[in-house]
Amino acid sequence: MKICCIGAGYVGGPTMAMIAHKCSGHTVTVVDINQARIDAWNSDKLPVFEPGLDEIVAGARGKNLFFSTDVDTAIREADMIFLSVNTPTKTYGVGAGRAADLRYIEKCARKIAEVAENDKIVVEKSTLPVRTAESVKRILESNSNGRKFQILSNPEFLAEGTAMADLEAPDRVLIGGDQTPEGKAAIQALVDVYATWVPRERVLTTNLWSSELSKLTANAFLAQRISSINAISALCEATEANVDEVAHAIGTDSRIGPKFLKSSVGFGGSCFQKDILNLVYLCEHFGLPEVAAYWNSVIEMNDYQKHRFSRRVISTMFNTVSDKKIAVLGFAFKKDTNDTRESAAIYICKDLLEEQANIAIYDPKVEVAQIQRDLGIDADNKYVSYCDDAYEATKDAHAILVLTEWDEFKALDFKKIYDQMQLPAFLFDGRNLLDLEALREIGFEASGIGKG
Ligand code: NAD
Ligand code: UDX
């Protein structure tokens with residue numbers, strides 16, 4: 001089979017690399033309108049950092065995996081077309097700030113309608129509002145000229161930083177499609193792709209709408225657990241309970257389970273906030289304001305957690321950070337990725353810049369230009385500096401903020417760091433990554449999240 005994927009981003013690239021790696025009988029072409037991104041996929045420095053990705057791409061690229069900007073040819077030649085374009089929160093017009101912006105998906109559907117010469121299976125890989133397949137289908141069918149299109153929903157559940165491991169051994173693969181004979185045949189064609197390496201019982205098939213809605217629901221449930229434990233972290237700080245101990249205690253209840261209970265400075269990433277806002281908007285659209293308000297509170301709690309952290313930094317540092325040097329360790333939204341979308345670090349840094357702090361940022365993978373875009377600042381902004389390592393960032397600093405849980409921060413020589421800092425040396429661990437007792441023994445005024 002010839003497979004095409006439109007969108008060579010954090011999902012399209014890794015997902016298609018895994019399909020090509022596992023299915024040597026299929027040819028996979030990933031296309032994008034972004035020439036720089038495609039050039040990077042064809043180079044030694046891939047545009048996405050993911051552990052294990054380089055090896056998989058190197059093994060398949062040029063054999064049965066191709067990256068190209070020739071969208072039309074790839075569509076024309078494909079039997080199956082994945083749509084993996086971005087679906088960000090709308091910033092304009094009706095639903096601004098909440099609804100998903102579906103213009104890229106619609107452009108893809110129109111492009112397929114324009115250039116396809118024969119029947120195609122079109123697979124929604126992007127995360128979409130429930131019932132989007134209906135619009136995709138209408139666009140395709142109203143321009144069909146006798147060609148037949150089957151629309152499938154196949155949402156992606158990978159998490160960044162562990163994308164390759166998640167793709168190699170997914171908890172499940174979800175495929176939704178029409179329950180007609182043609183729809184079922186299309187579902188089967190996609191099941192066959194995944195069944196090459198995913199145990200068949202882990203490939204779930206549903207109707208289109210259940211599949212579309214399951215993706216938004218999964219992200220809402222995951223984010224809800226983080227907001228719930230973060231809410232409890234505030235209560236821990238007021239009562240001398242320890243949120244890590246509380247999380248462990250409740251997580252051993254098999255009905256609750258231990259995962260996704262790590263209290264933090266707030267969740268980030270390109271998905272959780274966007275997808276919950278989208279869910280909230282859908283609920284309002286369908287006349288369900290109570291349901292909308294319930295899920296919206298997950299976002300509100302996350303905003304509260306981020307700004308609560310900034311406020312605590314400022315109040316602990318004698319109510320002023322003006323002209324003080326603050327070392328920010330970690331800018332990515334989680335470890336093992338170069339992605340900064342919705343990273344809590346962006347919000348914390350902006351809060352501190354408003355207070356006229358001097359910020360020295362170090363992240364092992366995030367590029368300086370990305371940080372500048374995220375903070376909306378020029379290269380010559382005098383309040384922000386960029387460092388090559390944690391030692392440079394913390395030199396003469398008044399405080400350290402740990403905002404991403406990079407493993408290398410655990411191995412730092414904190415005695416050496418303490419000796420080069422201003423006193424009292426404050427450390428705020430926004431990830432509960434470090435041993436606070438050991439830091440206090442060195443002399444740090446160290447605090448974590450939800451720890452008395
Ligand atoms: P991304 O922004 O990294 O990549 C999207 C790519 O699509 C971009 O390179 C863009 O240039 C390209 N594109 C947009 N319109 C195009 C068009 N008309 N023709 C060709 N290319 C076009 O986004 P992403 O993080 O890969 O996310 C893609 C989708 O997957 C989103 O719907 C997202 O919600 C969903 N998703 C993301 C993750 C994640 O961890 N990032 C996980 C699961 C699902
Ligand atoms: C998420 C979903 O996990 C994934 O299934 C979906 O396909 C895309 O969205 P991602 O955003 O890449 O994946 O990473 P994830 O591991 O979910 O982390 C999201 C944010 O939550 C990060 O900022 C992370 O640090 C934070 N987090 C996660 C916590 O604060 N505590 C936790 O216990 C887990």
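Two strands count as paired if DSSP finds at least two bridges between them. By that rule, strand S7, residues 173-177, and S8 pair in the parallel sense, over four bridges. One of the partnerships is valine 173 with valine 203 in S8. Bear in mind that this is a predicted model.

Now the sheet those strands belong to. It is an open sheet of eight strands, in the order S3-S2-S1-S4-S5-S6-S7-S8, with mixed pairing. Strand S3 (65-68) and strand S8 (203-206) are at the edges with a single partner strand each, so one side of each has no neighbour in the sheet. From one strand to the next, the twist averages 25°.

Next, two helices that pack on the sheet. H5 touches strand S1 (2-6), strand S4 (80-83) and strand S5 (120-124), and its direction makes about 160° with that of S4. Helix H9, residues 208-239, touches strand S6 (149-153), S7 and S8, at about 140° to the direction of S7.

H5 comes up again at the ligand. Helix H5, residues 103-115, gives three residues to the shell around ligand 1, the largest share. There are 26 residues around ligand 1, and Gly7, Gly9, Val11, Ser126 and Thr127 come nearest. By type, the shell has eleven nonpolar, ten polar and five charged residues.

Last, the whole chain. It is divided into domain 1 (2-206) and domain 2 (240-452). Their contact takes 14 residues from domain 1 and 16 from domain 2. On the domain 1 side, eight of these are nonpolar, four polar and two charged. An unreviewed UniProt entry annotates residues 327-436 as "UDP-glucose/GDP-mannose dehydrogenase C-terminal". That span, 327-436, is 28% helix and 17% strand.

Conventions:
Residues numbered from 1 in each chain as written. Chains lettered and ligands numbered in written order. Predicted model: local features only at pLDDT ≥ 70, side-chain atom pairs only at ≥ 80, totals over all residues. UniProt positions renumbered as here; feature names shortened; annotations may be inferred. Domains from an automatic or database assignment. Contact = placed C-beta atoms within 7 Å. Nonpolar A, V, L, I, M, F, W, Y, C, P; charged D, E, K, R; others polar. Near = placed C-beta within 6 Å. Axes fitted to C-alpha atoms, helices over the stretch in contact; angles between N-to-C directions.
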